Amino acid sequence: MNILFRILVTSILVLVISYFFPSIAHVDGVNSAIIVAIVLGLLNVFIKPVLVLFTLPVTIFSLGLFLLVINAAIIALCTKLVGGFSVNGFFGALLFSIILSISQSIVYKLSLKNK
């Protein structure tokens with residue numbers, strides 16, 4: 001149930017971000033947003049830990065700021081895998097990942113207060 005809630009929240013936030021920031025991202029519809037949420041979840045589970053492990057010295061040297069670059073790379077990889085989702089360039093992916101992460105944190109904190 002928790003995973004379905006996270007997929008639903010992520011897909012809604014992807015739609016909202018693409019609606020309010022059309023110059024950053026574009027999603028074709030609800031189906032594409034759900035697929036983006038699923039693919040992002042899978043990429044974060046399987047690919048991101050490997051990237052973090054390989055870039056650990058750079059991440060330590062940059063005091064963790066390189067994780068933003070890894071998040072942007074995950075978003076860029078998601079645009080290549082999902083047909084109805086596009087982000088405008090690297091800085092668009094970086095900004096999209098920051099907005100998505102902050103909004104997910106807010107929604108998850110608000111949903112935990114209600115339980």
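This is a short talk on one helix pair and the largest pocket in this structure. A caveat before the details: the model is predicted.

I'll start with the helix pair. Helix α1 covers residues 2-20, and helix α6 covers residues 89-113. Their axes come within 10 Å of each other, and the crossing angle is roughly 135°. Angles over 145 degrees would count as roughly antiparallel and those from 65 to 115 as roughly perpendicular, so α1 is oblique to α6. The hand of the crossing between α1 and α6 is right-handed.

Which residues make the contact? On the α1 side they are F5, R6, V9, T10, L13, V14 and I17. Facing them from α6 are F96, I99, L100, S103, Q104, V107, Y108 and S111. By class, this contact of α1 with α6 has ten nonpolar residues, four polar and one charged.

Now the pocket. The largest one has a volume of about 430 Å³. Its lining consists of 20 residues, and those closest to the pocket centre are T10, L40, G41, N44 and Q104. Two of these names have come up already: T10 of α1 and Q104 of α6 are also in the helix contact.

Where does the lining come from? Four helices supply at least two residues each: α1, α2, which is 30-46, α5, which is 66-81, and α6. The largest share is from α2, with seven residues. As for chemistry, the lining of the largest pocket divides into eleven nonpolar residues, seven polar and two charged.

To recap, α1 and α6 cross obliquely, and both helices also contribute to the lining of the largest pocket.

Methods
Residues numbered from 1 in each chain as written. Predicted model: local features only at pLDDT ≥ 70, side-chain atom pairs only at ≥ 80, totals over all residues. Heavy atoms only, no water. Axes fitted to C-alpha atoms, helices over the stretch in contact; angles between N-to-C directions. Parallel < 35°, antiparallel > 145°, perpendicular 65-115°, else oblique. Left-handed = near helix turned anticlockwise from the far one by under 90°. Contact = heavy atoms within 4.5 Å. Nonpolar A, V, L, I, M, F, W, Y, C, P; charged D, E, K, R; others polar. 1 Å grid on protein atoms, 1.4 Å probe; cavity = no way out; pocket = protein on both sides within 12 Å on 5 of 7 lines; lining within 4 Å. Points joined across faces, edges and corners; volume = space filled by probe spheres on them.
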